[in-house]
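Subject: Structure handover and notes

Dear colleague,

I am passing on the structure below, together with notes on what was found in it. Please read the notes with the model open beside them.

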Amino acid sequence: MASRAKATILDIAREAGVSKSTVSLVLQGSGLIRPETATKVRKAIEDVGYVYNRGAANLRKAHSNVIGMVINDLTNPFFAELAVGMERVFQAAGVVPFIANTAENPVRQEEVLKSLMEQGVAGLIVSPARGTSPGTFRRIETAGVPIVFTMRRLPDSRIPVIAPDNHRGAVLAAEHLIRRGHRRLAFFGGSSDLVVYQERLGGFLEACETLGIPAPDRLIVEGETNRKGGMACLETAFAVRQPPTAALCFNDAVAFGVMLALRKRGLEAGADFAVVGFDDVAEAEHYSPALTSVAVDTAGLGERAAHVMLKMIQSRTTRAENHIGAVSLVVRESSGPDRNSQVGDAA
């Protein structure tokens with residue numbers, strides 16, 4: 001006997017004289033369908049020999065092979081490197097990553113998240129835009145879609161975070177500058193509404209406190225987290241009566257801006273003013289002078305975020321442990337010579 005083609009929902013609908021959506025509701029056990037209609041549909045199912053694969057139906061409903069990577073600033077080389085790390089893991093797993101740049105705009109972020117949810121995205125990795133409201137992700141959490149925050153977290157959020165040890169990194173950087181003989185220090189860039197800023201500034205202040213730099217000799221200048229912000233921070237610092245001689249910058253982009261502003265003044269990072277960045281992007285090593293920076297293993301953090309997301313999807317959970325990555329200080333020319341030895345030589 002010749003084998004019959006596999007029956008479909010459409011075959012059932014034709015047999016029962018109802019719509020496909022009615023058949024789907026009956027298969028799902030919905031109470032919305034009238035009993036007599038449900039009975040007619042169930043008879044049609046038997047007549048056409050349809051086999052309902054509930055597992056496959058749930059998989060279709062709950063998962064796609066698309067994961068959204070929603071990044072606050074892809075013009076920053078750090079976030080581009082982070083995205084490359086994530087993408088590498090997803091491609092190896094046969095997952096399609098969709099990358100969106102929100103440009104630090106919460107409204108744009110909301111539009112991107114809404115669009116991804118409508119597309120039935122399997123999961124989201126997000127570096128939240130500045131000014132993101134605490135309730136932004138509640139609807140997504142309620143829908144059961146896994147979310148991982150990378151680099152940034154929101155206050156009082158239970159969403160898992162993959163980030164470097166910001167506090168420790170800032171302590172290492174500030175200690176380095178102080179031990180090189182700097183007594184007037186600055187912290188450049190970022191803003192107090194970011195948790196990552198509070199962590200990095202906190203580490204800077206802790207090192208100053210521990211190593212005896214009094215409050216009047218610590219200058220804190222908030223600003224944009226890009227080159228333009230770094231240039232503005234340096235101008236502000238040099239306008240005070242006793243300018244700092246060294247700065248820890250919120251990130252490498254700010255540090256590059258500081259170095260540009262120094263050059264415009266005929267000064268050089270390292271020789272005339274010590275500069276330390278944070279993130280250690282690929283450009284830091286090749287900049288002139290090469291930038292001293294806190295290395296956070298950017299690509300490694302991206303890979304970790306991707307692995308955590310894949311595990312959450314496979315386990316059908318929205319919960320995961322936070323991961324705080326190790327950091328180290330990579331010393332290059334921009335933080336200059338040891339001023340202690342220079343003073344000793346001159347004496």
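The notes below begin with the basis of the values and then take up the sheets, a pair of helices, the cavities and two backbone details.

This is a predicted model, in which local features need pLDDT of at least 70 and side-chain atom pairs count only at pLDDT 80 or more, while totals for chains, interfaces and linings use all residues. Residues are numbered from 1 along each chain as its sequence is written, and side-chain values use heavy atoms, with hydrogens and water left out.

**The two sheets**

Helices (H or I, at least four residues) and strands (E, at least two) are DSSP runs, numbered from the N terminus, and two strands pair if DSSP finds at least two bridges between them. One open sheet has six strands in the order β2-β1-β3-β4-β5-β11, and its pairing is parallel. At its edges stand β2 (96-101) and β11 (323-325), each with a single partner strand, so one side of each is left without a neighbour in the sheet. The twist from one strand to the next averages 15° in this sheet, where axes are lines fitted to C-alpha atoms, for helices over the stretch in contact, and angles run from 0 to 180 degrees between N-to-C directions. Within this sheet, β1 (residues 66-71) and β3 (residues 123-126) run parallel and are joined by four bridges, with Gly68 opposite Leu124 in β3.

Another open sheet, also of six strands, follows the order β7-β6-β8-β9-β10-β12, and here the pairing is mixed. Its edges are β7 (218-221) and β12 (328-330), each of which has a single partner strand, so one side of each is left without a neighbour in the sheet. From one strand to the next, the twist averages 20°. Three bridges join β8 (residues 246-249) to β9 (residues 274-279), which run parallel, and Leu248 stands opposite Val276 in β9.

**A pair of helices**

The axes of α2 (residues 20-27) and α3 (residues 35-48) come within 10 Å and cross at roughly 90°. The two helices are therefore roughly perpendicular to each other, in a scheme where angles under 35 degrees count as roughly parallel, over 145 as roughly antiparallel, 65 to 115 as roughly perpendicular and the rest as oblique. Thr22, Val23, Val26 and Leu27 in α2 meet Thr37, Ala38, Val41, Arg42 and Ile45 in α3, contact meaning heavy atoms within 4.5 Å. The residues of this contact divide into six nonpolar, two polar and one charged (Ala, Val, Leu, Ile, Met, Phe, Trp, Tyr, Cys and Pro count as nonpolar, Asp, Glu, Lys and Arg as charged, and the others, Gly among them, as polar).

**Cavities**

The structure holds two cavities of 30 Å³ or more. On a 1 Å grid over the protein atoms alone, a cavity is a set of points where a 1.4 Å probe fits but cannot get out, and lining residues have an atom within 4 Å of a point; grid points are joined across faces, edges and corners, and a volume is the space filled by probe spheres set on the points. The largest cavity holds about 140 Å³ of space, and of the 14 residues that line it, the closest to its centre are Asn76, Phe79, Arg152, Phe250 and Asn251. By class, this lining has five nonpolar, four polar and five charged residues.

The second largest cavity holds about 40 Å³ and is lined by Glu141, Val145, Ile147, Ile159, Pro160, Thr318 and Arg319.

**Two backbone details**

The peptide bond from Ser288 to Pro289 is cis, with omega near -5°, and Pro289 is found in the loop between α12 (282-286) and β10 (292-295). Glu104, in the loop between β2 and α6 (106-118), has a phi near 60°, a positive value in a residue other than glycine.

With best wishes

How values were computed: On a 1 Å grid over the protein atoms alone, a cavity is a set of points where a 1.4 Å probe fits but cannot get out, and a pocket is an open set with protein on both sides within 12 Å along at least five of seven lines; lining residues have an atom within 4 Å of a point.
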